[in-house]
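Please look through the model shown below, and follow the report from the protein's contacts with DNA to the sheets and helices behind them.

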There are 2 protein chains.
Amino acid sequence: MKTENATLVFEALSSSARLDVFRLLVRYAPDGLVAGEIAQKLDIPSTNLSFHLKTLLHSGLVEMEKEGRFWRYRASVPLMLEIIAYLTDHCCCGDGDKKVKRTRNC
Amino acid sequence: MKTENATLVFEALSSSARLDVFRLLVRYAPDGLVAGEIAQKLDIPSTNLSFHLKTLLHSGLVEMEKEGRFWRYRASVPLMLEIIAYLTDHCCCGDGDKKVKRTRNC
DNA sequence: ATGAATGTTCAACGATTATTGAAGTATTGT
DNA sequence: ACAATACTTCAATAATCGTTGAACATTCAT
């Protein structure tokens, strides 16, 4: 996980609309939902949802697949696990560069 | 951890400048660094650093304390641990609302 | 007191983001 | 073929973010 990719993920999660979408898709993992279902459940105009889904896609946090005339979106749980690992390793207890033993709270 | 606070934290980490600042402060935890040291180590103009530090302060990810004419900044490791817990609980394996047993990768 | 050092706030600008309605692209049903 | 469905892309607007230099407080040294 490079820093650049991490910032993309954090940017994707920095809007409450997108965080809601992602959490919804996690609840419906591994099948995900089609765009219309997301829009209906979260009461978001479809054109706005499309905008936010594009940001989530770009970050890698969600994946997309066409299903006839439906577009199905799924959360990428593996990437979320990578992000959690990134935060634990680089942003938590100072062991990233100094290879110090974990002593504080971890 | 409310969703609103989580988005504040993600927004704070969504800029590479701020992520670099936070990681630096984590490396120097628990003492932290004064603003000038951060500016020097990361080669950021002080006025720009000040702007980013304000966002980090607002999210709670860093804390500040005056030391004579220096301003010392520290990373809030406890809040980072909360964020990791939030991601694990609500954004990882779909157990947030449905109380489903963890089966996928977790 | 005076000047230097530390760091913030202010003002201004360009760049990016969020939101909405209109138009466009595929796909399905009849 | 034709109309309806599902969803995106485009255009336009308001709002926010990022960056910089100038001005401003506060603290320290002499």
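In this predicted model, the side chain of H52(A) places a polar atom 2.8 Å from a phosphate oxygen of DNA strand C. The surface near DNA strand C draws two or more residues from each of several elements, namely α4 (46-59) of chain A and, in chain B, α3 (35-42), α4 and β3.

**The surroundings of DNA strand C**

DNA strand C is surrounded by 21 residues, and the closest are E11(A), T47(A), H52(A), S50(B) and Y73(B). When these 21 residues are sorted by class, 7 are nonpolar, 8 are polar and 6 are charged. Which part of DNA strand C do the atoms within 4 Å of the protein belong to? Sugar or phosphate accounts for 71% of those atoms, while the rest belong to bases. Contacts of both kinds can be named: T47(A) has a polar side-chain atom 2.8 Å from a base oxygen of DNA strand C, whereas an N or O atom in the side chain of S50(B) is 2.5 Å from a phosphate oxygen of that strand.

**The surroundings of DNA strand D**

Around DNA strand D there are 20 residues, of which S50(A), Y73(A), E11(B), T47(B) and H52(B) come nearest. Of the atoms of DNA strand D that come within 4 Å of the protein, 71% are from sugar and phosphate. The surface near DNA strand D is made up of 7 nonpolar, 8 polar and 5 charged residues. At least two residues of this surface come from each of α3 (35-42), α4 and β3 (70-75) of chain A, and also from α4 of chain B.

The table sets out polar side-chain contacts with the two DNA strands.

| Residue | DNA strand | Oxygen contacted | Distance |
|---|---|---|---|
| T47(A) | C | base | 2.8 Å |
| H52(A) | C | phosphate | 2.8 Å |
| S50(B) | C | phosphate | 2.5 Å |
| Y73(A) | D | phosphate | 2.2 Å |
| E11(B) | D | phosphate | 2.9 Å |
| T47(B) | D | base | 2.8 Å |

**The sheet of chain B**

In chain B, 3 strands with antiparallel pairing make an open sheet, and their order is β1-β3-β2. Because β1 (33-34) and β2 (62-67) of chain B each have a single partner strand, they stand at the edges of the sheet, and one side of each is left without a neighbour there. As background, the strands of a sheet pair through backbone hydrogen bonds, in either a parallel or an antiparallel way.

How many bridges join β1(B) to strand β3 of chain B? There are 2 bridges between β1(B) and β3 (residues 70-75) of chain B, and these strands run antiparallel. Along this pairing, L33(B) stands opposite Y73(B), and V34(B) stands opposite R72(B). Y73(B) is also listed among the closest residues to DNA strand C.

On the other side of the pairing, β2(B) is joined to β3(B) by 6 bridges, and these two strands are likewise antiparallel. V62(B) has A75(B) of β3(B) opposite to it. The two strands form a hairpin with 2 residues between them, and in the turn G68(B) has a positive phi of about 65°.

**Helices of chain B**

Helix α4 (residues 46-59) of chain B lies across β2 and β3 of the chain, and its direction is at about 115° to β2(B). A separate packing joins helix α2 (residues 16-27) of chain B to α3(B), where the axes are 11 Å apart and make an angle of about 115°. This crossing of α2(B) and α3(B) is right-handed. From α2(B), the residues D20(B), V21(B), L24(B) and L25(B) meet I38(B), K41(B) and L42(B) of α3(B). By class, this contact has 5 nonpolar residues, no polar residues and 2 charged residues.

**The sheet of chain A**

Chain A has an open sheet of 3 strands in the order β1-β3-β2, and the pairing is antiparallel. Its edge strands are β1 (33-34) and β2 (62-67), each of which pairs on one side only. Between β1(A) and β3(A), which run antiparallel, there are 2 bridges, and L33(A) stands opposite Y73(A) in β3(A). Helix α4(A) packs on this sheet and touches β2 and β3 of chain A, with its direction at about 115° to that of β2(A).

How values were computed:
Residues are numbered from 1 along each chain as its sequence is written. Chains are lettered from A and ligands numbered from 1 in the order in which they are written. This is a predicted model: local features need pLDDT of at least 70, side-chain atom pairs count only at pLDDT 80 or more; totals for chains, interfaces and linings use all residues. Side-chain values use heavy atoms; hydrogens and water are left out. Two strands pair if DSSP finds at least two bridges between them. Helices (H or I, at least four residues) and strands (E, at least two) are DSSP runs, numbered from the N terminus. Contact means heavy atoms within 4.5 Å. Axes are lines fitted to C-alpha atoms, for helices over the stretch in contact, and angles run from 0 to 180 degrees between N-to-C directions. A residue is near a molecule or strand if one of its heavy atoms lies within 4 Å of it. A polar contact is a pair of N or O atoms within 3.5 Å; within protein, one must be able to donate a hydrogen and the other to accept it, and residues adjacent in sequence count only if both atoms are side-chain atoms. Ala, Val, Leu, Ile, Met, Phe, Trp, Tyr, Cys and Pro count as nonpolar, Asp, Glu, Lys and Arg as charged, and the others, Gly among them, as polar. A crossing is left-handed if the near helix is turned anticlockwise from the far one by less than a right angle, and right-handed if clockwise.
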